[in-house]
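User: Please take a close look at one part of this model. I would like the strand pairing first, and then what surrounds it.

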Amino acid sequence: MTKFSDTAPILVTCPRDMPEYLQAELAGLGYEQSTPLDAGVEVRGSLADCMSLNLWVRTGHRVLFELKRFRAFDADELYREAKAIPWEEYIPVDSHFRVDASVRDTTVNDSRFAGLRVKDAVADRFMELFKVRPDSGPDTHGVCLFLHWRENRATLYLDTTGEPLPRRGYRKRPHKAPMQETLAAACILASNWPETARRGGHFIAPMCGSGTLPIEAALMAMNGAPGLLRDEFAFMHIKGYEPDAWDELLGAAEDAEIPEIKGRIIATDHDPEAIEAARDNARLAGVGDFIEFAVCDFTETEVPEGPGVVMLNPEYGKRLGDMNMLKDVYRGIGDFFKQRCGGKTGYIFTGNMDLAKCVGLRTRRRRVFWNAKIECRLLEYELYAGTKKGGSA
């Protein structure tokens, strides 16, 4: 039976250009020794650590527990190496398993075929040992395996997550072109909002859409573990999993929540349906009492006195909106920042730098993020309470 205390490398995956935020997040969770990669961060720990990481990580997508690294020059060698792994220690014989694969620059160009060879190796090992094998297929309600294969270097992992971590469970009403939860969390962390919240600052989210930005901000302010919102993870199906240990982690996470936050979180949108969806999502996330929603144009959003973060995610002409109309919107954001948001730090998330020039303010910092296949920027503006000359974006 699998020992959940045995240690091995753990790879927490994330989108490219996000590892620095994930690495900082992992350090805050006690994983100070880590290695950033192109699309993830590697730490060392146990399957018990994987349970905790799935509960707490905000900017990662999957938590992968390494089983074996090996050389594989072709599909037959991949099969032999995979078959040598003692799968019976991880997968109950009467259960279900799934195999995902990422393959590049190998003699096998089809990730599905590579995954099939791993699936065959697992099934054949069970048949030889027990004359029976677990079911397999695309369902994530079972043990999940992941193959990473580049050139002749292959690694097989237990995917302890299953459904990716961005699927928190609260966004039942996504509305139009919603920002992914992981991306929203990274943008908020880049704004240093957790520290601002501790000091009693405010989070203002005009153009909030279905509410992902204010909901993620509220979860951070109350120290709410995002994994509390989910009922199932793939580690629950691994042989040796103890539900009591998971219940203990859940109890500790609930005890760590902050019942009240010092500042205000305000979210507005001109679309009543968006606000209705955002309210429902916030309620499902358990943060409905922390967010003040209102239907209004972004220029009419209440901006309370004191320090805070003002973050907008306007349309940027790739899927929604007319470019000429959007130029006026971006100019209006610049005016809103100058006239209403003095003393705050302003942020615009956009995938269109030509539109960003219409803001008419000098950026203090630009951070690269990818929204699906669109290269975007999180633009930061220092909004002075008095008057100060600005330049262009």
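Analyst: Start with one pair of residues. Ser 102 has His 148 in β7 as its bridge partner. The model is predicted, and this pair is a good way into its sheet.

Ser 102 belongs to strand β5, residues 96-104. The neighbour, strand β7, covers residues 143-150. β5 and β7 run parallel and are joined by eight bridges. In general, strands of a sheet pair through backbone hydrogen bonds, either parallel or antiparallel.

β5 has another partner. Strand β6, residues 135-136, pairs with β5 over two bridges. The sense is again parallel. Here His 96 faces Asp 135 in β6.

Now go back to His 148. This residue also stands opposite Thr 155 in β8. Strand β8 spans residues 153-159. Seven bridges hold β7 and β8 together, and the two run antiparallel. His 148 is thus a link in both directions: Ser 102 is its bridge partner, and Thr 155 in β8 stands opposite.

Step back to the whole sheet. Eight strands make it up, and the sheet is open. The order is β2-β3-β1-β4-β8-β7-β5-β6, with mixed pairing. The edges are β2 (35-37) and β6, each of which pairs on one side only.

Close to β5 in sequence is Val 93, in the loop between α3 (75-83) and β5. Val 93 counts as partly exposed because its relative accessibility is 33%; partly exposed covers values between 20% and 50%. Val 93 also joins Leu 129, Phe 130 and Val 132 in a nonpolar surface patch. The area of that patch is about 320 Å².

A further set of pairings involves strand β12, residues 308-312. β12 is mostly covered, with five of its five residues buried. Gly 308, Val 310 and Leu 312 point one way; Val 309 and Met 311 point the other way. In a regular strand the side chains alternate between the two faces of the sheet. In β12, the residues pointing each way are buried.

β12 pairs with two strands named here. Strand β9, residues 202-205, runs parallel to β12 over three bridges. Phe 203 stands opposite Val 309 in that pairing. Strand β13, residues 345-350, also pairs with β12 in the parallel sense, over four bridges. There Leu 312 faces Ile 348 in β13.

Follow the chain on from β9. Met 207 sits in the loop between β9 and α7 (212-221). Its phi is near 55°, a positive value in a residue other than glycine. Asn 223 lies in the loop between α7 and α8. Phi of Asn 223 is also positive, near 55°. Asn 223 is partly exposed, since its relative accessible area is 28%.

Next comes helix α8, residues 243-255, which holds Glu 248. Glu 248 is exposed because its relative accessible area of 62% passes the 50% cut-off. Together with Glu 242, Asp 244 and Asp 247, Glu 248 forms a negative surface patch.

One last loop is worth a look. Ala 372 lies between β14 (365-371) and β15 (374-382). Ala 372 is exposed, with 69% relative accessible area. Its C-alpha atom is separated by 25 Å from that of Glu 273, and the two residues are 99 apart along the chain.

Note on methods. Residues numbered from 1 in each chain as written. Predicted model: local features only at pLDDT ≥ 70, side-chain atom pairs only at ≥ 80, totals over all residues. Heavy atoms only, no water. Patch = residues over 30% accessible without salt bridge, like charges linked within 9 Å, V, L, I, M, F, W, Y side chains within 5 Å. Areas by Shrake-Rupley, 256 points an atom, 1.4 Å probe, with all protein chains shown as cover. Salt bridge = Lys/Arg side-chain N within 4 Å of Asp/Glu carboxyl O. Lys, Arg positive; Asp, Glu negative; His and termini not counted. Charge placed at Lys NZ, Arg CZ, Asp CG, Glu CD. Buried < 20%, exposed > 50% of the residue type's maximum accessible area, 1.4 Å probe, protein only. Pairing = 2+ DSSP bridges.
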